[in-house]
Amino acid sequence: MHEWPLLIFTICMQAAIGGIVMLSIFYSKMKKNGIDPFKVMKLPLLVITVLSFIGLGASFAHLGTPTHAFNAILGFSHSWMSREIVVTGTFIAFVCATTGLALLQKKVNPALLIITAIVGIIDVYCMAAIYSNTLVNGWNHANTFLSFYGTTFTLGAILAVSLSIISLQNSKLSKDLLKTAFLVVFAGIAVQLIGLATYSSLEGEIRQISGQAAAVSLGAYEGTVAIRWIIELIGITVLAYLALAPSKKVYYSFVYLALLAIIIGEGMSRYVFYVLGS
């Protein structure tokens, strides 16, 4: 598999985008509970900024040289790759502005946070459109959009909550944020399962029409897919326990176990995605 830079780019950027979306949701909850959002969001914003630059570095590694990115921008009117480069750059700029202003002013700008989240959601669409508009059987399907958005919300939710509750010290809000994150993770996984079901259905139709196996088949990677879902199920189960258990105490080791399991699961999912298209 030669697409490691793209795997790192999409995973890091989608985690960062999903994290910003979740922080914009968390912001209102913190204000309602009389908690200063800056104290809680400072660490998540810094981590999201770092992830964005890691993703940017991986994209340059894929392009070969940074000058190729500037050349690609010239095709904005007709190329989804050009649009992705521009929108990704815009998102990273907004992330830096949001984080930088927060550090300077000691407060988070909610309007800037929401704008950054909106730009990020558009960016995910551009990422998915690059692959869905190809002739590759494993990519040119609605499953690509569902997979990318599912990963964005799944990774973003667990990342944001695991970094946010550190400073809340088992407060009531910790449980509230965990419940919100669990609902978003659950929705993200559901979206991915719907995409996988529609892709598998389409693959079966291709086999019936052509009388032979599809050029690209998930069947060859059933073991990897199964392991991915087992690991991810462990993470979701742990998160559900943390969110729904009657105890007010938050076990941080369990939070990070859920984070690790979901990161591994989503990484394996993206690995299969790129293998199918290779």
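This passage describes the nonpolar core, helix 1 and the cavities of a predicted model. Local features need pLDDT of at least 70, side-chain atom pairs count only at pLDDT 80 or more, and totals for chains, interfaces and linings use all residues. Residues are numbered from 1 along each chain as its sequence is written, and side-chain values use heavy atoms, with hydrogens and water left out.

The largest nonpolar core (buried Ala, Val, Leu, Ile, Met, Phe, Trp, Tyr and Cys residues joined through side-chain atoms within 4.5 Å; buried, under 20% relative accessible area with a 1.4 Å probe, protein chains only) holds 74 residues. F26, M41 and F91 touch the most other members. Eight helices (DSSP runs of H or I, at least four residues, numbered from the N terminus) each supply at least two core residues: helices 1, 2, 4, 5, 6, 7, 8 and 9. Helix 1 gives the largest share, 16 residues. Leaving aside residues up to four places away in sequence, M41 contacts (heavy atoms within 4.5 Å) L23, F26, Y27, M30, V108 and L113.

Helix 1 runs over 4–32. Its 29 residues should span 42 Å (1.5 Å times one less than the number of residues), and its end C-alpha atoms are 42 Å apart, which agrees. Just after helix 1, G34 adopts a positive phi of about 70°.

Cavities (sets of points on a 1 Å grid over the protein atoms alone where a 1.4 Å probe fits but cannot get out) of 30 Å³ or more number 2. The second largest has a volume (space filled by probe spheres set on the points) of about 30 Å³. Its lining (residues with an atom within 4 Å of a point) consists of K175, Y241, L242, A245, S247, K249 and Y251.

Technical notes
Buried < 20%, exposed > 50% of the residue type's maximum accessible area, 1.4 Å probe, protein only. 1 Å grid on protein atoms, 1.4 Å probe; cavity = no way out; pocket = protein on both sides within 12 Å on 5 of 7 lines; lining within 4 Å.
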